[in-house]
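Okay, thanks for coming, everyone. Let me put today's structure up on the screen and then walk you through it.

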Amino acid sequence: MASHWAPEWAEPQPSGEPDDEAELRPDWDCQSCGACCSYSAEWPRFTLETDEALALIPPQFVAADERGMRCEDNRCSALAGKVGEHTACQAYAVRPEVCRDCLPGDHACRTARAAHGIR
Ligand code: SF4
Ligand code: SF4
């Protein structure tokens, strides 16, 4: 499987641990989590999006420098709800590539969940 982009804070597993593919947890429900959307202001940054794709993101959710999603502290402004209970992305259909690439159970997901105490 082609590896997907991972933010710098997503530390690789120690040698010998299963890879991302083996760790994926499609049973983890993002709508009762939201940890990766509320982990780091450096995370929901734009990468490979086209200008056309970026233009679809509601401007109130875009950072002043236009290099990523606007965050309040570590939380993406597009995230609604309470982390660990019930959350929703208010820009889901037009969310950045990094958000599409983060999969339940991968390193970035597990790092964010651990930081929020979500098992
Ligand atoms: S941390 Fe993982 S389970 Fe939680 S919202 Fe992100 S991808 Fe989904
Ligand atoms: S755009 Fe949506 S999926 Fe991406 S970090 Fe913000 S709330 Fe999460």
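**Two ligands and a core**

So, ligand 1 first: around it sit Trp-28, Cys-30, Cys-33, Gly-34, Ala-35, Cys-36, Cys-102, Pro-104, Cys-109, Ala-112 and Arg-113, where being near a molecule means a C-beta atom, placed from the backbone, within 6 Å of it. Keep in mind that this is a predicted model: local features need pLDDT of at least 70, side-chain atom pairs count only at pLDDT 80 or more, and totals for chains, interfaces and linings use all residues. Residues are numbered from 1 along each chain as its sequence is written, while chains are lettered from A and ligands numbered from 1 in the order in which they are written.

Over at ligand 2, the shell is Cys-37, Pro-44, Met-69, Cys-76, Ala-78, Leu-79, Cys-89, Ala-91, Arg-95, Pro-96 and Cys-99.

Back to Ala-112. Leaving out neighbours within four places in sequence, Ala-112 is in contact with Ala-35, Cys-36 and Tyr-39; contact means C-beta atoms, placed from the backbone, within 7 Å.

Now, what about Glu-66, buried or exposed? Exposed, because Glu-66 has 11 C-beta neighbours inside 10 Å. The cut-offs, with C-beta atoms placed from the backbone, are 20 or more others within 10 Å for buried, 12 or fewer for exposed, and partly exposed in between. Glu-66 also sits 9.0 Å from Arg-45, C-alpha to C-alpha, with the two 21 residues apart in sequence.

Last stop, H4 (helices being DSSP runs of H or I, at least four residues, numbered from the N terminus). Buried residues there include His-107, Cys-109 and Arg-113, and just after H4, Gly-117 takes a positive phi of about 70°.

Definitions and conventions. Contact = placed C-beta atoms within 7 Å. Helix = DSSP H or I, 4+ residues; strand = E, 2+ residues; numbered from the N terminus.
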